[in-house]
Every structure is written in structure tokens, then in C-alpha cells.
Amino acid sequence: MDKIAVVILNWNGVKLLEQFLPSVIQFSEGAAIYVADNNSTDSSVAFVTENFPTVKIIKNSGNHGFAKGYNDALQHIDAEIYALVNSDIEVTENWLKPILDTFDQEKHTAIIQPKILDYKNKEYFEYAGAAGGFIDKYGFPFCRGRIFDTVEKDNGQYDDNIELFWASGACFFIRKNVYHELDGFDESFFAHQEEIDLCWRAANEGHIIKYNFQSVVYHVGGATLQQGNPKKTYLNFRNSLLMMVKNLPKRGLFFVIFFRMVLDGIAGIRFLTQGKIGHTFAILKAHFSFYCLSLKYLGKRKDFQIQQYYMVKSVVFLYYIRKLTLFKEIFNSIQNIKN
């Protein structure tokens, strides 16, 4: 069994592999490196085979998205730690050592995220993950270093190794035994928020999720599906509701989901006033899909759900009404309430 396997999921991403795979190979000494290919129709597999013979190829039977793509591929990999890395990630020297040290020293830590900075503007955090994720009462995720569309410059303000609620799937480390204990990602999600769902389920089972600032990677972001794509809106809104049905505490479950759907409706109206009609229809489609799947997802609930899953009641209120756009402003507001 390998200590760690770095697994890059790919679909028609030969140009990304050409650009970013060399850094993974250069700085991942001692790790087994895999490209899990989701039945690409470009020259991805041939390119890796010809140019990087030490990289192992796993061929999935179809383009099953992020969730099933990884679930299928990881059945063929025997390693203590899985490092799931997007194909548009540039890693840095010694990026693995702080992660492995944490796993070795902290036996209850099951999932770790590194610091994720923006490849296009390396002084800033990257949208998808930044310095680690949290969630509000109504299922809206946010990060240290990124609240909705406000992304912070990295001035070392989050150079601390802390517990998180969720780690970004852009660069996601997890113990093999925990991954399989949780049955991996929820394949019905296809893509988006499946890592938050997995982390929530892990937390419900008593596992710890952490951030390690000493490991740094750079993420392009949106290389597969751009932030402004209505399909991304559809998947994010639908998957968030499904995740909540599975993982919310029983008390207040239906009220929280109802209020979240009201907030979704307000978001749909806001998109409409901005002329983004495709996004409004994407939210309507997400809700319709949620109605169709809700009974199935109620059946996926476990016996125990943690009660204090959220950091703040409503990050939407804090950001859009109180104009708190930085994580530290939100954190300080919580401390002031406690005091």
C-alpha cells in the first residue's frame, strides 16, 4: 500500500495536463500519481502515456462527473491517503509534507485542505476553497478569504492550522478508510458541493476536518465549468438543498429548508433584475429537481446529525444587509455577540 496517492480527475483536459501535471510530478516525491480519465475524447490519455510514463492511468467508463468519477477511480487505488487534485492546480515544493505530518500526528483528523491561492493572481485567495470552508444555518457555504464574490488578498491573516466545516474539492486530502466508510461522494450530485456533503457526513460521524496553511497550491478555477454558467447555478442550488435534507438536524429541518428556498427565490428575482434569465430558470429547475428527489434523500439520513453545524445564522444577511464582506469581520461580529 502506498502512503499517499495523488489522483487527478480528467475529462478532455489535455491542455491542463500539459500545463499543470509537470509541477505535480516534480514536487510529489514518494507519492503514487494517477490520472483518472472520465472517458475523454481528446488526446489526454495518449499524452500522459507518451510523456509521463510514471503516471498511472485509470480509465473510467464514461464522463460521470466529479463524484462518480472519483468513486469509480478510487476503487482501483490502494493508498493510506487520497489526494484528490483538480487538473488545473499548480502545486508547490513540499506541498505534501505538512499534510502527511498532520495525518501522522493527529489520528482523528480525517480530511485536510491546503491554502488555495489564485493561479491568475497569486497574491489572492482562490474562490473555490481559499483558506477553508464553513456554512451558515441555511446551507450557504463561505470561506476564510472568500465571502460570496469578495475575495481577499493573502496577507498571512489565515496562516493558522484550524478545524473547518468543509474542505475544498479542488485539493482535498482524505484518509482512505474514512472515504470508504462514508461510501465516497454522493454520485447523484454529479459535481458541485459533493465535497461539502462528504465533510458534513464525516463531521456527523465524529471525524475532524482541518486546514493547513503550510501546504500551498494555486488553482485556476472554472476551467471545467465557468462561474457564470447557468448549469453551475443549477447544480449548486439543487445539491445544496439535497445536502441539507440528508444532514440537517431533525429539529427545525423543514423550516430551515423552507426558508432557504425563500432565499433562493429572492436570488432568482435578483438574477432576473440583472438580466440573467438563464440563472433564474436554473434555480427553478433546481427546485423542481429537488422536489422529485426529496423523498429519496430523506431516506439517506443517518441516525445522528451534529447540532452546531453552522458558524453564523445567515451569511446572506451579514454580507448583503450588514455589508460585512470579509471573514474576519463576520468572525468578530460573532465574538461581539458572545461578549
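Select Phe255, Phe258, Phe259, Val262 and Ile266 in this predicted model. These residues form a nonpolar patch on the surface, and together they present about 480 Å² of accessible area. Ile266 belongs to helix 8, which covers residues 253-273. With a relative accessibility of 51%, Ile266 counts as exposed, because the exposed class begins over 50%.

**The annotated domain**

Next, colour residues 6-181. The unreviewed UniProt entry annotates this range as "domain: Glycosyltransferase 2-like". Over residues 6-181 the chain is 26% helix and 28% strand. The C-alpha atoms at the two ends of the range are 20 Å apart.

**Salt bridges**

Side chains of opposite charge can pair when their charged atoms come close. The model contains 18 salt bridges. Display Arg144 and Asp160, whose side chains meet in one of them at 2.8 Å, N to O. Arg144 is in the loop between strand 8 (141-143) and strand 9 (146-147), and Asp160 is in the loop between strand 10 (150-151) and strand 11 (171-175), so this pair ties together parts that are 16 residues apart in sequence. Arg144 is buried, at 4% relative accessible area, whereas Asp160 is partly exposed, at 30% relative accessibility.

Move on to Asp186 and Lys246, a salt bridge in which the closest N and O atoms are 2.9 Å apart. Here the pair links distant parts of the chain, 60 residues apart: Asp186 sits in the loop between helix 5 (176-181) and helix 6 (194-204), and Lys246 sits in helix 7 (residues 230-247). Asp186 counts as buried, at 5% relative accessibility, and Lys246 is buried, with a relative accessible area of 5%.

Now select Asp197 and Arg201, which form a salt bridge with their closest N and O atoms 3.0 Å apart. Because Asp197 and Arg201 are four residues apart in helix 6, about one helical turn separates them. Asp197 is buried at 0% relative accessibility, and Arg201 is buried at 14%. Add Lys300 to the display: salt bridges that share partners join Asp186, Asp197, Arg201, Lys246 and Lys300 into one network.

**A buried lysine in strand 12**

Centre the view on Lys210, in strand 12 (residues 208-219). Lys210 is buried, with a relative accessible area of 13%. Leaving aside neighbours within four places in sequence, the contacts of Lys210 are Glu106, Thr109, Ile111, Ile112, Gln113, Asn161, Ile162, Glu163 and Leu164.

**Aromatic pairs**

The count of aromatic pairs comes to 26. One of them is the tilted pair of Phe148 and Tyr320, at 5.4 Å centre to centre and with 45 degrees between the planes. Phe148 lies in the loop between strand 9 and strand 10, and Tyr320 lies in helix 10 (residues 315-321), so the pair ties together parts that are 172 residues apart in sequence. Phe148 is buried at 14% relative accessibility, while Tyr320 is partly exposed at 31%.

Then select Phe172 and Phe185, a tilted pair whose ring centres are 6.0 Å apart and whose planes are at 55 degrees. The pair links distant parts of the chain, 13 residues apart, with Phe172 in strand 11 and Phe185 in the loop between helix 5 and helix 6. Both Phe172 and Phe185 are buried. To finish, extend the selection to Phe66, Tyr70, Tyr82 and Tyr179, which form one aromatic cluster together with Phe172 and Phe185.

Note on methods. Residues are numbered from 1 along each chain as its sequence is written. This is a predicted model: local features need pLDDT of at least 70, side-chain atom pairs count only at pLDDT 80 or more; totals for chains, interfaces and linings use all residues. Side-chain values use heavy atoms; hydrogens and water are left out. UniProt positions are given in the numbering used here, feature names are shortened, and annotations may be inferred rather than shown by experiment. Patches are made of residues with over 30% relative accessible area and no salt bridge: like charges are joined within 9 Å, nonpolar side chains (Val, Leu, Ile, Met, Phe, Trp, Tyr) within 5 Å. Accessible areas come from the Shrake-Rupley method with a 1.4 Å probe; for residues, only the protein chains shown count as cover. A salt bridge is a side-chain nitrogen of Lys or Arg within 4 Å of a carboxyl oxygen of Asp or Glu. Buried means under 20% relative accessible area, exposed over 50%, partly exposed in between (1.4 Å probe, protein chains only). Contact means heavy atoms within 4.5 Å. Rings of Phe, Tyr and Trp (its six-membered ring) pair if their centres lie within 6.5 Å; planes under 30 degrees apart count as stacked, over 60 as edge-to-face and the rest as tilted.
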